[in-house]
Amino acid sequence: MIFQALLEPAVVDAWFREPTTADPWVEDPLPQIDGRLRYALLSAAVERANHFEELLPVAMASVPFCSNLTVADDWGPLLAAAFPTGYSRHADLTPAQHRYLGALADRDVCWRYTHLIASWLRDVGLPTDRDAIEALLGRAR
């Protein structure tokens, strides 16, 4: 049910008024939910998934909503799920890793102010430079 809901992130975001306690102007945030409900559901999906391939449809559906400012809530945890033992230069990317990383590399707003995303990339052993990610994917920029 969680995975199915996350295939339509905009719909999940519309279930309640903006439920973020981080925004002091919101009137009735959802209790015990910090940020969008979608982020809490995404966290639950990552915990429940047996492998990243199971999460790939959810990950791809979330890409249009990702930015450098959302890395801690969406694409960072998904990258950690995609590379649970870290990226190894001696192993090929799986098709799921390649597809997700490629979609992120294509999304310009994810790469603004890279200091916000660098630790997430480093934590999974990926380069922090977009051009290096493109090279890893076998694409020239």
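A residue is called buried when its relative accessible area is under 20% and exposed when that area is over 50%, with partly exposed residues in between. This vocabulary is used throughout the report, which describes a predicted model.

**Two loop residues at the surface**

Y113, found in the loop between α6 and α7 (118-123), has a relative accessible area of 59% and is therefore exposed. Y113 also has a positive phi of about 50°, although this residue is not a glycine. P64 is found in another loop, the one between α4 and α5, and with a relative accessibility of 51% P64 likewise counts as exposed. Although P64 and V109 are 45 residues apart along the chain, their C-alpha atoms are separated by 9.7 Å.

**Cysteines without a disulfide**

A disulfide is a covalent bond between the sulfur atoms of two cysteines. The structure holds zero disulfides, and C66 is accordingly in none, the nearest cysteine sulfur being that of C110 at 5.1 Å. Why is the sulfur of C110 not bonded to the closest cysteine sulfur, in C66? The two sulfur atoms would have to lie within 2.5 Å to count as a disulfide, and the 5.1 Å between them is too far for a bond. C66 is buried, with a relative accessible area of 0%, and C110, at 0% relative accessibility, counts as buried too.

The table gathers the residues whose accessibility has been discussed.

| Residue | Relative accessible area | Class |
|---|---|---|
| C66 | 0% | buried |
| C110 | 0% | buried |
| P64 | 51% | exposed |
| Y113 | 59% | exposed |

**A buried charge**

D74 lies in the loop between α4 and α5. Which side chain of opposite charge is nearest to D74? That side chain belongs to R38 and is 4.2 Å away, and D74, although buried, has no salt bridge. The cut-off for such a bridge is 4 Å, taken between a side-chain nitrogen of Lys or Arg and a carboxyl oxygen of Asp or Glu. When residues up to four places away in sequence are not counted, D74 touches R38, Y39, L42, F65 and C66, so that the buried cysteine C66 is one of the contacts of D74.

**Helix α4 and what covers it**

Helix α4 spans residues 52-62, and its buried residues are F52, L55, L56, V58, A59, A61 and S62. An α-helix has 3.6 residues a turn, so residues three or four places apart point the same way. What covers the buried residues of α4 includes α1 (2-6), α2 (9-14), α3 (37-48), α5 (75-82) and α6 (95-106).

Methods. Residues numbered from 1 in each chain as written. Predicted model: local features only at pLDDT ≥ 70, side-chain atom pairs only at ≥ 80, totals over all residues. Heavy atoms only, no water. Buried < 20%, exposed > 50% of the residue type's maximum accessible area, 1.4 Å probe, protein only. Helix = DSSP H or I, 4+ residues; strand = E, 2+ residues; numbered from the N terminus. Contact = heavy atoms within 4.5 Å. Lys, Arg positive; Asp, Glu negative; His and termini not counted.
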